[in-house]
Structures are given as C-alpha cells and as structure tokens.
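Student: I would like a close look at a single helix and at what surrounds it, followed by the wider setting in which that part sits. Please take the packing first and give the cut-offs as you go.

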Amino acid sequence: MATKNIVTAVVNGNETTMMVDNRMSLLDALRESAGLTGAKEGCLSGDCGACSVIVNGKLVDSCLVMAREVEGATIETVEGMARGAALHPLQQQFLDKAALQCGICTPGFLVAAKALLEKNPDPSDEEIRYWLAGNLCRCTGYDKILQAVKGAAAEMRTSK
Amino acid sequence: MEQQVTDQSKNYKVIGSRPVRHDGEDKVTGRAQYGADVSFRDQLWGAVLRSPHAHAKIKSIDTSAALAMPGVKAIITGADMPKLDDKTTRSVEGIENQRYMVERVMAGDKALFKGHPIAAVAATDRFLAEEAANAIKVEYEVLPAVINPVDALKPDAPLVLGEISSVTLGEKSRKETNLVSQTRFEQGNVDEAFSTAEIIVEREFDTKTVHQGYIEPHNATALYRSDGQVTIWTSTQGGFPNREGTAAILQVPLSKVKVVPMEIGGGFGGKIPVYLEPVAAVLSRATGHPVKLIMSRADEFQSSGPASSTHIKVKVGAKKDGTLVAADSQLVYEGGCYPNVYAATGAMCIYSPYKLENARVDAFDVLTNTPKVAAYRAPSAPQAMFAMESCLDEIAQQLEMDPLEFRLMNAVDEGDRRVDGMKFPRIGFKETLQAAMNSDHYKSAPPSGPCQGRGTSVGFWFNAGMSSSATVAMNLDGTASVVTGSVDIGGQRASLAMIAAEVLGLRADEVRPSVADTDSVGHTDVTGGSRTTYATGTAVHKAAEAVKAELFKRAAKLWDVPVEEVVFDDGAFHHKGASKGDDIKPMTTRQLGQKLARTGGPVSASASVNANRGVGAGFGVHIADVEVDPETGKTTILRYTAVQDVGTAIHPSYVEGQIQGGVVQGIGWALNEEYVHDDQGRMVNTGFLDYRMPTMYDVPNIETIIVEVPNPGHPFGVRGVGETPIVPPLGTIHNAIARATGVRLRSLPMSPPKVVKALQEQGVAAQLVAAST
Amino acid sequence: MKPLEFSAPSSLDEAIKAIAGGGGEVGILAGGTDLIIQMRSGRRRVGQMVDIKKIPELNVLSYDGSKGLRLGAAVACDTLGAYAPAKQHYPALVEGAELIGSTQIQSRASVGGNVCNGSPAADTICALIALEATCVVQGPDGKREIPAKDFMTGPGQTALKPGELLVEFQVPPPAANSSSGYLRFIPRNEMDIAVVSAAAAITLDAGKQTCTAAHIVLGAAAPTPLLVEAAGKALVGTSLDAAALEAAAEASRAAAKPITDMRGTVEYRKHMAGVLTKRAIAMALQRAKGG
C-alpha cells in the first residue's frame, strides 16, 4: 500500500493541503486532491498544454511537475483568474470572440496567455503564436484565440 | 474583422447575431464538467491491457499475479464479455456483426491490431490499476500482419478476419479475402465518353492514416447496479447512440441504461463508437462500484478508430475548352480490422461539385490489422477529393485556364444529378466560387518569389439529416428553456437557443439551452454529420412553433378574441381584428409568458423529427499562398482563405470557427500528420510529439468568407457547416506547392523529406535552391 | 509506475548519498521533462526520485572574462535564456536551450537534464561541444571533469558512472572575434525533436576576414553527437566563402551516420546535415563579424 504525504501550497491565494501519493503529478494532485479540475489531462507528456498552470510565477505543464515538488509553492490555475464575480479580461475576451468550441484546451490557453501578458503586455501576433505553441487546439484553428488574446492585451493596457 | 453575415432582408432579430454562448462561463472558469472530471467517493480506477502485437493468437491469459495485488478488485477478459451470435444488427455506424461489436472492445481469441484490448483491471487507485494490468501474463502466438490496404488485397496477404468473403458489386464471393466490399456508382457511358476527351489526366495517389486528434482522450465512468440498472458518464458525441452501442454489447434493454453525456472535449467523429463504456460497465458489475476509465494518449492513437489510409486512382477527361466529359476512379480505403461503412462516402463526394454525366467510381473497403476506422470530419471525402482536385488543377494548368473559372464552367447546380443518383436541390456552389474569385485574396497578385505559389481547391459534404428530438418549455416568467439530446461539441447549444428565441420573440439570453441525458429527452442521433444545427434545429423549431401556437391561443383567451385575430410582430403579440377595438395593448412574449398559469397552465411542446429530406449540402472553395524551402522541403503557408456556403449562419462566430478549425486539421493532414508503423505493423508515433498536429505557431490567420444560399429544406435556411472545411485544404496546399515548385506530390503528407526527394527526383532541386539564395 | 520514494536534498553530499543508496533505480529530477515521461511510459522503472533543484552548486550561473561561463546542471532553460552574458558570449548554447519544447517546457527543462538524457538529438549538446565545454561531475569517489564531446557515449547513454551526478558545465571564455550559432530542422515550427541539428563555433582573425578556428558539431546524425573535424579543417584558413561552406557541408554529409526512424530517413538526414552545416556557419560568421 503506497503511503501518502501531505503537501501544502498556496493555490489561487488559498493555503491548500493535499494528500498525495509520491507518484502523483501536480496535475493529479490538483484534480484529485484539491478538487480543482480546471487543468485537464490531454497527453501526460508535455505536448498539449491542457494542464498548464503557473508555479512560482512560471508557466508549466502540471503533468510534468511532481506533486511533492510544490511544497510551499504558489500556484495559479484557471479557477483563480476571475476576481470574485468579475471575469479576467482574457476570460471575457474568449467568450466575446468565440475563442473556444469544445472548451477542453481553454483553461490551458487562458493560464498560458495570462502568463504571457504578465511578462509582455504588448505582444505582437508572432510573439503570441510563439508563446502559445505549447497549447494545442484542435477545434478553433487558433484564429479567434489570437484575436481574444490581443483584445485582452489591449484592454489590460488601457485599464492600467 | 467580423464579416457582416446573414441576409439583412430577412430581418432576423436573433439569427445572425453573436451572443455569448450559454455554457461559456463554466468553460472559461474551469467549472464545466467533462467526463474525466466526474468523481465518486467509492469509485475504482480501471486500466486496460492492450495487445503489443498487430496480429496474434491469444493462447492464454494469466491474471493470478495481478489479482493477488492488494487493492485489485476485478479483472476481466474476453471470456467475461457477453457472448453474442454471429449475426448482424443495426448500430450507430451502420450494420455490424454482433460478435465483432463485442470483440472490438475486448478481444476474443485473437488480437487484430496493436492496442486491441486484451484484459481490463479495476483497482482502488490509478497507479495500482496500471501496475496490475502490466502484471497480467499473456501468451501470444504472433501472426503476420498487414497494414496497408493495397498489400491487404494481394493474394498472399495475411487474412485479418479469416471468415470474411466480400460483396463485390452486389455479389457475395466464395473466397476468403480482406476485401469487405466494393461499392460502385456509375452514370452514363464512361468508356465512350473518354473517347471524346481531348485531354486526359490519369494519376495515382496515396494518403496515410490520420487521427481526429481531439485533445480530450476517451473516458467513461460506469455504475452497474445489482438491480441491473446501468448509468454511464462519458465523453461521447451522442448519449443515445452510446446507450445503444453499450446496451447491445451488454445485452440489456435500453430502459435499463442511462447515459449522461458530459461536456465533450472534441470528437470529430472519433467519439461516435463506444470503446470504454462496455468495459467499465462489466468491471462495475463485477465489483459493485463505479469504475472510471481514461484512455492514455498512446491508447488513443493505437486503439481508437482513425481515418483511412488510401490508395486512389483517378482518370479525368475534358475537352480543350475545359468542359469535363468523363471520370473514372478507384478508391481503396484502409478499413481496419472490422467491416465499416465509410468507403462509400468518399465515392459519394468525389465528383459531386462537377457536372459529369458520364462517370464511374469504385470504392473498396479493405481489412487491415489496424483499429476499425472511425469517422473523421467528412469521412473519406478529403482523400478522394484531394486526388480529384489535383487532376483538375493539372487540366486547368495544361489548358492555361484560371482554376476557379475552370471549376465554375463545370459547376453543378440545382437539378444536376450526383454520381450516386441524388439530385441536387437548391445549392450554392456557383455562388461560393464567385465569392472566392471576388475575394481580396484571389484578386491580389499571387506570390511571385522563387518557390512561392497559389493553390485553390474545392470541397463538398452532403451533410446528414437523421433524427432529433427537442422540448421547448415556457418558464413562469416568460423566459424559455430548450432541451435537446444533442451533445454540444462546438457551441451548438447557443445556436439552438437562438432558433427558439427567434421563433418565440425572445432574446438569446432569455432562452436556456441544455444538453440532456438519455432519460430526459426523446431519441436523438449523434452530433456529427454536420447535422445538429440543421436537424436538431428543425426539431427545436418545430417545438418552438408548437409552443407559439399555444401562446396565440392564450393571448386570444386573455383578450377574449378569436385566435385568428392575434398576430405576432416585432417581438410582441398584437390584436388585429374587428371583434374588439384597437385599444388592446400588445404583449411581449415575456409578458404573455407570465400569464400562462391562469390561462390554462404551463406551456411546453416536444418534437421529434427525421430530417433526412431537406438536407442542404455544403460547398467550400479554399485559396492558399505558400512558400517552399527547396533545401529543407518545408512548406510555409503565407495566406489562407476559406469560402463556404452555410445556408444561413445562425451564429456567425461559431460558423467561422468551424471553418477555421477544419482548415487547420486539413493543413496538418496535408503537411505532417501520419501514422508511422514499424516492420511488424506496430504504430510507433503514439503521442503528440511525433504525431505532428499544427500548433498555433505553424499556421497563419485563416480568413473566412461566409456565403449564404439558404437551404429551402430548413425553416431558417441552415446547411451543415462542420465537415466541408476539412476537405479542400489537402488539394489546396498540394496545388499551391505544385504551382510553387512545378512538382506534384501525390503522396500525403507532403512532409519535408518527401518534398526534398520529389524535387531531387524531378531534377528541379538545384535550380530552385539557386533561385532562392 | 511502481511505488516511489521522494527526496529533495539541499546539499550535494546528501544528494550523492541518496543516489548511491538508491540501488540503481534512482531518477534524478531537475525539470522532469524527460524523466517523468519515461517513468509514465514504462521506459524507466524508478523506485526513488531525488529532486536536485535545491542544491546550490547545481544552480550556479555566472560568467567572467577569464573563467568563462559556469552553468549549474539544474538551471532551467528560461533562466539561462534570460542571462545576458550567456546570450552575448555563447549564442549557440542559448539558442539550443531556448529551442527545447514549449514555453511550459522552458520553465522546467535544464541543460543538465537535456545532456544527461543522452540523446544525440539534444538541443544543447552540439553547442556545448562546439564551444569546448567541460562537464563537472561528482560521485562517491569524488569530483572529475569530462569534456562535453566525451559525455554522451551512445543513444540514451552517458559517461556518468553509477552514483555520479552532473554538477555544472564550464564553458571557456570565447576568443576575440569569435561567435557561434545553432539550428535544427524540425517539420513543424515548434515542439518537435530535432531531425538533424548543427552547431558552429567560428573564430576569425583580427581583420575578421579569415577563419582561424572552427568547430562543427552535428546532432541526431549519429549514435552520439558528432564533432566533424574535417568540416572544421575545411574552414580554417578560408574566408568562409561559398566554396569553403560547401566543403564543410560535404564533410558533414560524409561523416553523418544517421538512422532511419520515425523522425527522418538516412538520406534526408545526410542531406540536411549539409544544409544545416552551411546555415549554422553563416549564423556564426555573421555574429563574429559583429552583425
């Protein structure tokens, strides 16, 4: 019987305690132990980005982070993007610009785009496409995702 | 930039607008529940052991070591599955042999493809389930395998299903073979017509197996109760077909099975068959707990149904003035290890855009040691039309005609007959061609640098009708709800709400759409075939009209006037007639809706439709500018425009999105996606690293031009949208590369090594490199 | 995956003890972008995972003009990419590191892990060899140095002895009028493993006209990364004109011993070895000239 360990991290601003098997990835821990199913399992090999979260300020594939690594870390997931009832500009833009169809890749894209805009508030089309190359979408052809990220970037620049 | 779509003269209030989808907030906040997000306190995790061999006899399965592991609660193999007779039955994907249906989800005495399920485990945690599955000892006798359908037709090919004899042109053959069926469509006198041709192009093509590539893997959680009732939570393109497929395998009545379709993370046809549901259900029956199964990405690639590899021969004849006179094609499709229905659909589409009174096409479904193929967005049409469009482009080039003018000259119209016999009703192919010719892209000069070129191609899908049910109900405050059984793959529920809203005079956000489980609404066929907005929309329309008819009666009752004197205009009910004066205040739907209780009670209506008549076909025309690096063989797409007739765009943003998504799938299919097998027939690139789908950095913006030639068979003129877009990109990019380099790559994908090789073999590599530097 | 022990030592000695006690089934965790995938697919059976990211020596990142660059084995690619002296003085190394995977992978993957994975297609090994780097390794028997060109010994294999841990890379200070470049060929624009890659490190004379030293290294073109000495020799003493580049390309094509696998054929890889050699030299030359 594999033993479980306690991992405590700050997830979306809340101190969160998770019971984890050492083999679990951060993705497993978020989904199974913390009840945060926003990050999705698409490939478990770091090729699709559906599991993207931000750990200590860096964008990562949570399927390739071991749960035991995040003791004491600060983690941001899609569930933490809205401010109370107010959606993050990226979330609103994705809705307004129809930048999702089935929606499975959407949490990953939102977190990845958020990380981009925090680093570069005025990215070019090329920079957006390059940064998000690690997030696969099979439904949209990426076009409206690009428009939504640009729209959110513009909105966030003017509201500062 | 948003294109102004939708015929303004129709004065639609809701249709053609772009409201935020009703399920959107849950999807952008991570709240939406997909199949893998379902969790039960007492659930067990399942794991499937799959064959490592492409073809093998299963000599023995020893589960003792695995069963002995603490926490392992049950292990099943083919011996634990229901024994079904060797007879055919109707299923969601046509007529199937019952025994094959079961063996497809859990092997019988043979493994027929690498990835074929051999056994399944239920255990207390996911890691343990996998460890236990790996501890099951299976003795195989490896048999020779055949992967390529052309090889499978050779007389000495290994037989995939020993007992299959083929149906060739209506006659059953006595000899065992891998050829399941030959379907022929023919009209006129082809051989005679070829003798009148002044130019003939005859070519051979091949394409590789590709996968739908949905980002969410298959998943299912099943609870099989001791009283025989089964509930399944799953990622599926249709709760009802899923229920039927699962119940048929479990041999239980449909009334004992409830399927709850969770939000689905992509399907494209690949989530029509059942894979995990029956296995999860049998494990649940064995353990008394819900059992959850998720496919790994490797399982997806090696075990779920892909789109056929093909070998295609096309012969086309034309006059020097460009008139097409004859065509004859043979389409050989990889079928996978069991008979399937998809070879014929390529034959239905290949010539469909063109007036060809003398044409013949033969489609062959061939068994191979690969998973039984599944639908992938316009199944079998992309491969066939790629081949045809390449030949047509060659003819246009030889005749020095503008490729779109050439197609316009030969374009089908209302009343023309397809080679499979169907007559076209009102269609919009000519309008689509004209819109493409008038586009900014096409009017701009083609790129003129070395190794740059412009290509065009055409696509078609007949679109499906099939059956749908819907319930529309008025709420006590005058808002409404729409319940359908159509799984929402790409935003359809918003469109269905918009249709009801348009009929009822409500805003889109005043109508609440929901996707129901199989307990809650009447039978509805799959979300697929580009049928949902069309067919389910028709059911919604019918139900909404029935509700509205009742609302008229209620207004009449409230006003104490004959019902003929109630009219509906500009979103409100008015009195117009002689029986009372002119001073009756109009009521909006909202206002009337609040008075239903006292005028006779709640108002709701259901409708079930079989929407096969009245389906509207969809034509697409695409334009691409490309640049090829002659040293590396890599193709960059500089600009891409997709033009498509959608009938009426209910929600233009989702129509554009469907088109853009199909285009990018087609780009991947054309340039890089393929199944790679080793010399033992085993797929080796079973992950997203080496099965190369386009990333955001690989494609440009996809411009879309929506053409609206309303389909007279639908109350709002809707034509199916979703499938046509994947068809043209293969030919468009192939033709663009041909124009850029002078070389036609008749083998997909047109990956860099193949491009370099072709340029070298054609003797143009050196001069193209010199021109580029 | 079998049950797993996990530890995150904060000193090098602690780490070496943990690895030595692991009985051959130890997985060393830096970014995990190779290890975790291999554990999941069953390619590696790991009973004990040792997270080395807390060890100060493995996180060193410094440059000075006399000692050159010190790059700790656990330093993530994006951290290296943001380190200006590395970008300035060792562009090929940074180029390689920044090509590994997506943004998400960049946050985690380390040059150390990339090299210890032992794949000749690794994006950082070619530049390390071309720049004449040294790998500093420590184990139960103490510290030793392995030249980068000797570090990978076969597909998936390195010169590390059981119990040894890669600690840091040392890259000598670049000579005057020198620079480097790295590129790889992939079928898409991102996310792929190199089909073939090439690194070039070029030194010019004081007048920036004539090549005085050159190292050309091919990746994914042989069982190990390939230092093509003949290609380097073909460039020394020349002005790196078209003829010299073609000679170097020919040497690369002749030296390459690639296989055919799902990422490329022998013919294509040999062809591309030549193409990329020329393009890498051109990159390095332009930078060395001050462009």
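Tutor: The buried residues of α7(B) pack against β4 (88–91), α3 (98–105), β14 (230–234), β15 (257–261) and α8 (277–287) of chain B, where helices (H or I, at least four residues) and strands (E, at least two) are DSSP runs numbered from the N terminus, and where two residues are in contact if their C-beta atoms, placed from the backbone, lie within 7 Å. This is a predicted model, in which local features need pLDDT of at least 70 and side-chain atom pairs count only at pLDDT 80 or more, while totals for chains, interfaces and linings use all residues. Residues are numbered from 1 along each chain as its sequence is written, and chains are lettered from A and ligands numbered from 1 in the order in which they are written.

The helix α7(B) is largely enclosed by the rest of the structure, because 12 of its 12 residues are buried; a residue is buried if 20 or more other C-beta atoms lie within 10 Å of its own, exposed if 12 or fewer, and partly exposed in between. Among these buried residues are B:Phe240, B:Pro241, B:Ile249 and B:Leu250, but also B:Arg243 and B:Glu244. The end C-alpha atoms of α7 (residues 239–250) of chain B are 16 Å apart, which agrees with the 16 Å that its 12 residues should span at 1.5 Å a residue, the expected span being 1.5 Å times one less than the number of residues. Just after α7(B), B:Gln251 takes a positive phi of about 60 degrees.

Helix α11 (residues 381–398) of chain B can be set beside it: this helix has 18 residues and reaches 25 Å from its first C-alpha to its last, close to the 26 Å expected. Since 14 of its 18 residues are buried, α11(B) is also largely enclosed by the rest of the structure. B:Glu400, which follows α11(B), has a positive phi near 55 degrees.

Beyond these helices, chain B meets both of its partners. In the contact between chain A and chain B, 46 residues come from chain A and 44 residues from chain B. On the side of chain A that touches chain B, α2 (89–96), α3 (106–119), α4 (125–131) and α5 (143–158) of chain A each supply at least two residues, and α2(A) gives the most, with 4 residues. That side divides into 23 nonpolar, 12 polar and 11 charged residues, where Ala, Val, Leu, Ile, Met, Phe, Trp, Tyr, Cys and Pro count as nonpolar, Asp, Glu, Lys and Arg as charged, and the others, Gly among them, as polar.

Towards chain C, 18 residues of chain B are in contact with 18 residues of chain C. Here α4 (126–134) and α20 (752–761) of chain B each supply at least two residues of the side of chain B that touches chain C, and the largest share, 3 residues, comes from α20(B). The residues of this side of chain B are 8 nonpolar, 5 polar and 5 charged.

Within chain C, C:Ser66 offers a contrast in burial: C:Ser66 is found in the loop between β4 (61–64) and β5 (68–72) of chain C, and counts as exposed because it has 6 C-beta neighbours inside 10 Å.
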